[in-house]
Amino acid sequence: MDAANKFISFNPGPSQLYLEIEEDIKQALEEHVLSLSHRSEKFGEVVRKAKENLRTYFSVPADYRIFFVSSAIESMEIALRNCCAQKSFHLVNGAFSRRFFSSAQHLKKSPLHLTAEEGHGFTFEQVKIPAECDLVCLTQNETSTGVRLPYDFIDNIRKKHPDKLIAADIVSSAATERVLFELADFWFFSVQKGCGLPAGLGVIIASKRALTKARVLAAQGADIGSYHSLLSLDEFSQKHQTPATPNMLAIYLLGKRFKRLVQVGVEAVEKESFEKAKTLYGWLDNQPALKPFVKNLADRSFTVIPIVLPEGKNSNLIREALKPHNLTVGSGYRSFKDSQIRIANFPQHSKEDIKRVTEAMDSIVGS
Ligand SMILES: *Cc1c(COP(=O)(O)O)cnc(C)c1O
């Protein structure tokens with residue numbers, strides 16, 4: 001297949017896979033790592049390298065631990081069970097932050113919330129967190145609405161509530177920008193979006209305070225989970241293992257993917273992500289028929305760009321029309337399924353890919 005016409009997915013997730021994945025899968029097979037015991041020294045080396053490459057790329061502070069789980073939704077449950085003794089407080093600005101909130105309801109954490117209008121972020125002045133809430137949950141990049149919470153907003157919450165733990169969902173920004181780890185205690189993401197990997201792996205990056213809290217909760221007899229608690233994850237992680245047999249191929253590929261990303265460096269990846277986002281939003285400004293869903297510039301995600309379609313054009317129509325171009329975009333999320341499309345801008349999407357999708361869109365909806 002001609003490289004200039006190869007299939008590219010701009011669906012936010014699962015999204016386009018990273019360019020060299022085929023090579024890395026072949027290598028995994030050649031090295032026979034997938035038939036090893038997950039308790040073997042050789043597979044432990046695969047786990048260790050994956051953690052090391054993640055740590056190097058993101059500059060994860062030395063006192064933060066890295067754990068592998070199954071998904072981001074699972075990570076929400078682990079955060080709530082292990083880091084919330086009383087009530088959780090949720091900043092809700094879309095479907096994934098709402099999912100975090102409903103997990104807390106299921107787990108009987110009596111959660112409270114501040115809900116933003118769809119397509120909007122929060123102002124710091126709006127945020128009033130009651131004293132009885134000991135865990136603050138937020139979605140740094142809301143994939144459903146394309147709203148990004150700036151790091152200085154999280155910093156303000158941290159400074160005002162130094163006693164509370166913060167759990168931050170970075171599923172659709174992970175790998176695309178620097179993460180200011182000190183501002184929260186429990187960061188998590190899954191790998192099928194910004195990391196360009198197949199689905200089926202979640203990553204948790206947890207502070208010492210998060211682990212201490214889990215230890216205190218367990219000592220008090222709280223239910224911190226029997227499958228993946230922070231304590232069982234930590235116990236096995238010290239031996240570069242996981243409590244259950246993990247998705248070994250995904251961990252192998254994650255290690256390879258981040259080794260490649262380390263060679264580029266997070267600053268360069270971030271710079272290119274911002275530039276591509278600027279290209280996309282600039283293109284949108286010149287499209288009278290299309291509108292960005294997120295109006296306030298400061299609230300706009302760099303990585304997920306929801307676009308409001310004109311009357312009479314629904315997302316299926318656009319997606320069908322993109323097929324001959326060998327491209328796909330995401331539909332809107334849930335209630336916006338028909339009226340919006342979403343274009344993802346991840347590190348695996350090159351500048352040329354962005355150009356291809358905007359040109360194809362021009363030919364479909366262009367003035
Ligand atoms: C996709 C997504 C999730 C869910 O990820 P899973 O891997 O399906 O658990 C959670 N949060 C955000 C922000 C997402 O984009």
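Q: What makes the pairing between an oxygen atom of the ligand and a backbone atom of Ile 73 a polar contact?
A: In this predicted model, an oxygen atom of the ligand sits 2.8 Å from a polar backbone atom of Ile 73. The cut-off for a pair of N or O atoms is 3.5 Å, so this pair counts as a polar contact.

Q: How do you know that Ser 190 and Lys 193 make polar contacts with the ligand too?
A: Try the same check on each. For Ser 190, an N or O atom of the side chain is 2.8 Å from a ligand oxygen. For Lys 193, a polar side-chain atom is 2.6 Å from an oxygen of the ligand. Both values are within 3.5 Å, so both pairs pass. As for cover, the protein hides 87% of the 390 Å² of accessible area that the ligand has on its own.

Q: What makes up the shell around the ligand?
A: There are 13 residues around the ligand, and Thr 143 and Asp 169 are among the closest. Sort them by class and you get 5 nonpolar, 6 polar and 2 charged. Helix α3 (residues 72-83) gives the most, with 3 residues.

Q: Why is the contact of α10 with α11 described by class as having 7 nonpolar residues?
A: Look at who meets whom: Ile 318, Ala 321 and Leu 322 in α10 touch Ala 360, Met 361, Ile 364 and Val 365 in α11. Ile, Ala, Leu, Met and Val count as nonpolar, so the tally is 7 nonpolar, no polar and no charged residues. As for geometry, the helices pack at about 120° with their axes 10 Å apart, and the crossing is right-handed.

Q: What makes Ser 59 and the bond from Gly 13 to Pro 14 worth a second look?
A: Most residues other than glycine have a negative phi, and most peptide bonds are trans. Ser 59 isn't a glycine, yet its phi is positive, near 50°; you'll find Ser 59 in the loop between α2 and β2. The peptide bond from Gly 13 to Pro 14 is cis, with omega near -10°, and Pro 14 is in the loop between β1 and α1.

Methods: Residues numbered from 1 in each chain as written. Predicted model: local features only at pLDDT ≥ 70, side-chain atom pairs only at ≥ 80, totals over all residues. Heavy atoms only, no water. Axes fitted to C-alpha atoms, helices over the stretch in contact; angles between N-to-C directions. Helix = DSSP H or I, 4+ residues; strand = E, 2+ residues; numbered from the N terminus. Left-handed = near helix turned anticlockwise from the far one by under 90°. Contact = heavy atoms within 4.5 Å. Near = heavy atom within 4 Å. Polar contact = N/O pair within 3.5 Å; in protein donor to acceptor, adjacent residues only side chain to side chain. Areas by Shrake-Rupley, 256 points an atom, 1.4 Å probe, with all protein chains shown as cover.
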